Amino acid sequence: MTDAVTAHEMQQYDQYTIDEIGVPSLVLMERAALATIEVLGAGQYDLSEVLVIAGLGNNGGDGVAIARLLMQKGIKVSLLLLGDESRAAHNTALQLKIARQYGLHPIHRVKEFRQYSVIVDALFGIGLSKPVPVKLGEMIKRVNAANIPVVSVDVPSGLNATTGEILGSAIRANATVTFAYPKIGLLQQEGIKRAGSIFVKDIGIYSPEELNNFKSRTEEK
Ligand SMILES: NC(=O)C1=CN([C@@H]2O[C@H](COP(=O)(O)OP(=O)(O)OC[C@H]3O[C@@H](n4cnc5c(N)ncnc54)[C@H](O)[C@@H]3O)[C@@H](O)[C@H]2O)[C@@H](O)CC1
Ligand SMILES: [K+]
């Protein structure tokens, strides 16, 4: 069993899964989105009016997929896309294109976060290594002040996934759905206060140790 991992280790496992094993990154993203929806739909959250906040990186791509899947289930959902879309990561741009094909169009600002019953935080994930831009930091503070249940995707946005330090400002989540392995930063420093309940979800990305276990188990037969 693999313990908690750093952001760098997780990025290596992601890359190996995509480049060497050959699982398309959009498949991993869809699994990440479905895993998050499993937690959202488990009965603890009021899904009467959901807001998904998405950034431009792959964490944002997860968010766009979550919003689309919620919409397809008949749930009232708004997608707040932050940043200049022309700078979106490849998969995030693809997710936005798909979402639009289903009639889900992002909004770019929210006046009052309190109107939502739950907020899904997909602004930044394990890729964040520098301080959150000031404008986004202000928005994070508004979300925290609204006191609405927040479910963070992979890590609370603004938290350093390896150290648990806050990079300027960070979301305070009720729950964090983290993929493959817990990130060390969720379990120490500010991560302890910011992550809420941690759900670790298998999305088909494994450490070298677990991959070897799979191989030795199948080769034994
Ligand atoms: N590699 C993969 O294919 C997978 C990635 N996944 C998700 O992807 C995350 C990691 O994605 P990334 O490495 O792309 O990084 P993140 O999405 O964590 O984003 C951080 C990076 O994007 C920039 N950024 C994002 N939005 C911005 C905005 N509005 N303004 C300014 N800068 C912005 C930041 O400067 C930073 O460099 C994981 O935490 C996980 O949620 C999952 O979908 C599983 C598969
Ligand atoms: K996040």
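Helix α1 is followed by Gly 22, whose phi is positive, near 100°. The model described here is predicted. At 1.5 Å a residue, the 15 residues of α1 should span 21 Å. The end C-alpha atoms of α1 are 20 Å apart, which agrees. Four positions of α1 are named as buried: Ala 7, Met 10, Tyr 13 and Thr 17. An α-helix has 3.6 residues a turn, so residues three or four places apart point the same way. The cover over the buried residues of α1 includes α2.

Helix α2 was examined in the same manner. Its 16 residues should span 22 Å at 1.5 Å a residue. The end C-alpha atoms of α2 are 23 Å apart, and this agrees with the expected span. Buried residues in α2 are Leu 28, Met 29, Ala 32, Ala 33, Ala 35, Thr 36, Ile 37 and Leu 40. Two helices that help to cover them are α1 and α3. The cover also includes α4 (90-101) and the strands β4, β5 and β6 (197-201).

The largest nonpolar core has 64 residues. Helix α2, residues 25-40, gives the most to this core, with 7 residues. The members that touch the most other members are Val 52, Ile 53, Ala 54, Ile 66, Leu 79 and Val 120. Val 52 serves as an example. Residues up to four places away in sequence are not counted for Val 52. Its contacts are then Gly 63, Ile 66, Ala 67, Val 77, Leu 79, Leu 80, Val 120 and Ala 122.

The annotated site comes next. An unreviewed UniProt entry carries the annotation "binding site" for Asn 59, Asp 121 and Ser 157. These residues span 99 residues in sequence, yet no two of their C-alpha atoms are more than 9.3 Å apart, so they gather at one spot.

Asp 121 is found in strand β3, residues 118-122. Asp 121 has 29 other C-beta atoms within 10 Å; the cut-off for a buried residue is 20 or more, so Asp 121 is buried. Beyond its neighbours within four places in sequence, Asp 121 is in contact with Ile 53, Val 150, Val 151, Ser 152, Val 153, Pro 156, Ser 157, Ile 171 and Ala 173.

Ser 157 lies in the loop between β4 (150-153) and β5 (175-179). Ser 157 is buried too, because 30 other C-beta atoms lie within 10 Å. With neighbours within four places in sequence left aside, its contacts are Asp 121, Leu 123, Phe 124, Ile 140, Ser 152, Ala 170 and Ile 171. One of the contacts of Ser 157 is thus another residue of the annotated site, Asp 121.

Ligand 1 is surrounded by 25 residues. The closest are Gly 55, Gly 57, Gly 83, Gly 125 and Gly 127. Three elements give two or more residues to this shell: α1 (7-21), α2 and α3 (58-72). By class, the shell has 13 nonpolar, 9 polar and 3 charged residues.

The wider chain was then considered. The unreviewed UniProt entry annotates residues 10-211 as "domain: YjeF N-terminal". Over this stretch the chain is 38% helix and 14% strand. The end C-alpha atoms of residues 10-211 are 14 Å apart.

Pro 208 is in helix α7, residues 208-220. Pro 208 has 12 other C-beta atoms within 10 Å; a residue with 12 or fewer is exposed, so Pro 208 is exposed. Pro 208 and Gln 44 are 164 residues apart in sequence. In space they are 35 Å apart, C-alpha to C-alpha.

Definitions and conventions
Residues numbered from 1 in each chain as written. Chains lettered and ligands numbered in written order. Predicted model: local features only at pLDDT ≥ 70, side-chain atom pairs only at ≥ 80, totals over all residues. Core = buried A, V, L, I, M, F, W, Y, C linked by C-beta atoms within 7 Å. Contact = placed C-beta atoms within 7 Å. UniProt positions renumbered as here; feature names shortened; annotations may be inferred. Near = placed C-beta within 6 Å. Nonpolar A, V, L, I, M, F, W, Y, C, P; charged D, E, K, R; others polar. Expected span 1.5 Å × (residues − 1).
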